Amino acid sequence: MGKLDGRVAVVTGGARGIGRAIALALAEEGARVAINYHSSAAAAQELVDAIRAMRQEQAHQAGGADADAEVAIALQADVSNAEQARGLIAQVIERWGRIDILVNNAGITRDRTLRKLTDEDWLAVINNNLNSVYYTTTAAMPTMIEQKYGRIINISSYVGQAGNFGQANYGASKGGIIAFTKTAAIELARYGITVNALAPGFTLTDMLAKVPENVQEQIKARIPMGRFGKPEEIAKAVLFLAADGDYITGQQINVNGGVYM
Ligand SMILES: NC(=O)c1ccc[n+]([C@@H]2O[C@H](COP(=O)([O-])OP(=O)(O)OC[C@H]3O[C@@H](n4cnc5c(N)ncnc54)[C@H](OP(=O)(O)O)[C@@H]3O)[C@@H](O)[C@H]2O)c1
């Protein structure tokens with residue numbers, strides 16, 4: 001028996017990086033997981049196959065029947081687009097009849113100092129990182145309200161708390177997520193829906209790999225724990241909120257090696 005047996009989860013941007021680790025962690029505890037992707041179709045399908053294989057193995061080890069093949073699906077959607085983001089949530093509800101856990105993880109960076117930032121850079125990051133959270137949350141809410149149950153977990157960043165050179169657009173999107181999370185938590189608590197933000201520090205994914213190596217070394221020197229985080233370490237906190245966070249709402253949980261306290 002997993003802690004999330006019978007639950008339906010959606011992870012935006014779930015095919016790689018932090019989203020992939022989150023999707024795996026939720027599936028390991030028994031949730032059905034819809035893995036949203038934008039451009040990483042092959043990685044999304046590979047993850048679906050890996051989750052199916054894992055659940056098959058779990059079923060065999062428990063001496064039970066074959067696992068349901070529908071334990072994971074991959075769904076393409078650009079969540080910065082209102083129609084596609086809402087369509088993503090609608091597809092999950094149509095397919096599986098409910099939605100229990102929504103992890104708003106999709107995100108991008110377009111780093112430039114304010115002197116060089118263009119309107120396009122600003123809007124792309126706000127649309128991808130912040131507006132997407134509004135679209136999917138409001139689309140999932142009616143079903144969660146009917147169920148009287150929901151766990152919404154928004155992936156923010158320590159940059160939304162502390163700011164960072166060259167990341168005004170990103171920081172604003174991630175700070176906006178924290179503010180959005182608190183209001184949604186206040187409004188939805190009465191329906192059994194919790195809404196929390198998770199603020200990772202620097203985590204080993206493609207996003208961090210884009211940062212020049214010498215800058216990575218400078219960043220590392222600022223982290224009290226002296227190393228970058230692993231996607232699995234972020235996923236553990238998401239799993240905790242989803243499975244055991246019954247009385248936690250409106251919070252920002254920092255998983256950052258101490259880089260911001
Ligand atoms: N890595 C870090 O140091 C760090 C620190 C703090 C917070 N975070 C946050 O953690 C989250 C995951 O980051 P990551 O490091 O795993 O990044 P990543 O490796 O660059 O992956 C980004 C993910 O977001 C998806 N995505 C981007 N735009 C999308 C869109 N419009 N629609 C659907 N999916 C979209 C990508 O999907 P496709 O590949 O399918 O296009 C990909 O799965 C982000 O919100 C990020 O801001 C990361």
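Two strands count as paired here if DSSP finds at least two bridges between them. Keep that in mind for the first stop. The model on screen is predicted.

**Stop 1: the centre of the tour, a strand pair**

Select residues 8-11, strand β1, together with residues 101-104, strand β4. The two run in the parallel sense and are joined over three bridges. Now pick out Val10. Opposite Val10, in β4, stands Leu102.

**Stop 2: the whole sheet**

Widen the selection to the sheet. Seven strands make up this open sheet, and their pairing is parallel. Read across the strands in the order β3-β2-β1-β4-β5-β6-β7. Colour β3 (72-76) and β7 (252-255) next: these are the edge strands, and each pairs on one side only. On average, neighbouring strands of the sheet are turned by 20° against each other, direction ignored.

**Stop 3: a helix on the sheet**

Add residues 41-61, helix α2. Helix α2 packs on the sheet and touches β2 (32-37) and β3. Compare directions: that of α2 makes about 170° with that of β3.

**Stop 4: α1 beside α2**

Keep α2 and select residues 17-28, helix α1. The axes of α1 and α2 come within 10 Å and cross at roughly 25°. Angles under 35 degrees count as roughly parallel, so α1 is roughly parallel to α2. The crossing of α1 past α2 is right-handed.

Show side chains at the contact. From α1 come Arg20, Ala23, Leu24, Ala27 and Glu28. They meet Leu47, Ile51, Met54 and Arg55 in α2. By class, this contact of α1 with α2 has six nonpolar residues, no polar ones and three charged.

**Stop 5: α3 and α4**

Select helix α3 (residues 82-96) and helix α4 (residues 119-147). Their axes come within 9 Å and cross at roughly 30°. Here too, α3 passes α4 in a right-handed crossing. On the α3 side, highlight Ala82, Ala85, Arg86, Leu88, Ile89, Ala90 and Ile93. On the α4 side, highlight Ser132, Tyr135, Thr136, Ala139, Ala140 and Thr143. The contact of α3 with α4 divides into nine nonpolar, three polar and one charged.

**Stop 6: α4 and α6**

Stay on α4 and add residues 168-188, helix α6. The axes of α4 and α6 come within 8 Å, crossing at roughly 15°. That makes α4 roughly parallel to α6. Their crossing is right-handed.

Many side chains are worth showing. In α4, the contact includes Asp121, Trp122, Val125, Ile126 and Asn129. Leu130, Val133, Tyr134, Thr137 and Met141 of α4 also take part. Among their partners in α6 are Asn169, Tyr170, Ala172, Phe180 and Leu188. The contact of α4 with α6 counts 13 nonpolar, five polar and two charged residues.

**Stop 7: the ligand**

Finish at the ligand. How many residues surround the ligand? There are 29, and the closest are Gly13, Gly17, Ser40, Gly107 and Thr205. Label those five. Then colour α1, β2 and α7 (206-209): each supplies at least two residues of the shell around the ligand. By class, that shell has eleven nonpolar, 15 polar and three charged residues.

Methods
Residues numbered from 1 in each chain as written. Predicted model: local features only at pLDDT ≥ 70, side-chain atom pairs only at ≥ 80, totals over all residues. Helix = DSSP H or I, 4+ residues; strand = E, 2+ residues; numbered from the N terminus. Axes fitted to C-alpha atoms, helices over the stretch in contact; angles between N-to-C directions. Contact = placed C-beta atoms within 7 Å. Parallel < 35°, antiparallel > 145°, perpendicular 65-115°, else oblique. Left-handed = near helix turned anticlockwise from the far one by under 90°. Nonpolar A, V, L, I, M, F, W, Y, C, P; charged D, E, K, R; others polar. Near = placed C-beta within 6 Å.
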